Amino acid sequence: MPDAKRYAEDESECTVVLERYNTVLDELFAGADVYVITPLWTTEAEVPRSQAVTGYWQSLLVEDDPDPAFRTYCHLFVARRPWRRGCIDDLLRDIADDKVAGVLITGTRLLRIHHPYDGGADVFLATSEERDRVRDRHADWLSRHPLGL
């Protein structure tokens, strides 16, 4: 967001956020299929029944605490879809509003990964040259903090 704002305060600012997400996603995945990977964290090893048939991929034990009440599991769900600008705007809006976290959008070969979050996105690319090109194209969007944070 302009002026290092973390959250959009009105619809015009939300439009800026979605435009930026979609611009980078278009650069990475235009004309290709993507995987949209969505996590669900629970304290139970079993996948919640309401989620069991909606693209379940795998479950990971994230925190192996001796007390079962403090164990944490991450259940991952994957949807494959052709990338089209705007095709996941509802999800991106929820991410920007911090209603959903931990989503990854990746190409089917897993060479490029886009990790949107409230306040920005991390982009992981196959080469440092590609990373630098994307960074330079969007330099005016980057944080002015000396560490880039």
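These legends describe close-up views of a predicted model.

**View 1. Tyr56 and Phe77 form an aromatic pair.**
The count for this model comes to 1 aromatic pair. Its rings meet edge-to-face. Their centres lie 5.9 Å apart, with 70° between the planes. That angle is over 60 degrees, so the pair counts as edge-to-face.

**View 2. The ring pair links distant parts of the chain.**
Tyr56 belongs to strand E2, residues 56-63. Phe77 belongs to strand E3, residues 72-82. The two residues are 21 residues apart. Tyr56 counts as partly exposed because its relative accessibility is 35%. Phe77 has a relative accessibility of 7%, so Phe77 counts as buried.

**View 3. Strands E4 and E5 run antiparallel.**
E4 covers residues 104-107, and E5 covers residues 113-117. The two strands are joined by 2 bridges. Ile105 has His114 in E5 as its bridge partner. E4 and E5 form a hairpin with 5 residues between the strands. In this hairpin, Leu110 takes a positive phi near 60°.

**View 4. Strands E5 and E6 pair in the antiparallel sense.**
E6 covers residues 120-124. Its pairing with E5 spans 5 bridges. Tyr117 has Gly120 in E6 as its bridge partner. E5 and E6 also form a hairpin, with 2 residues between them. Gly119 sits in the turn and has a positive phi of about 100°.

Notes
Residues are numbered from 1 along each chain as its sequence is written. This is a predicted model: local features need pLDDT of at least 70, side-chain atom pairs count only at pLDDT 80 or more; totals for chains, interfaces and linings use all residues. Side-chain values use heavy atoms; hydrogens and water are left out. Rings of Phe, Tyr and Trp (its six-membered ring) pair if their centres lie within 6.5 Å; planes under 30 degrees apart count as stacked, over 60 as edge-to-face and the rest as tilted. Helices (H or I, at least four residues) and strands (E, at least two) are DSSP runs, numbered from the N terminus. Buried means under 20% relative accessible area, exposed over 50%, partly exposed in between (1.4 Å probe, protein chains only). Two strands pair if DSSP finds at least two bridges between them.
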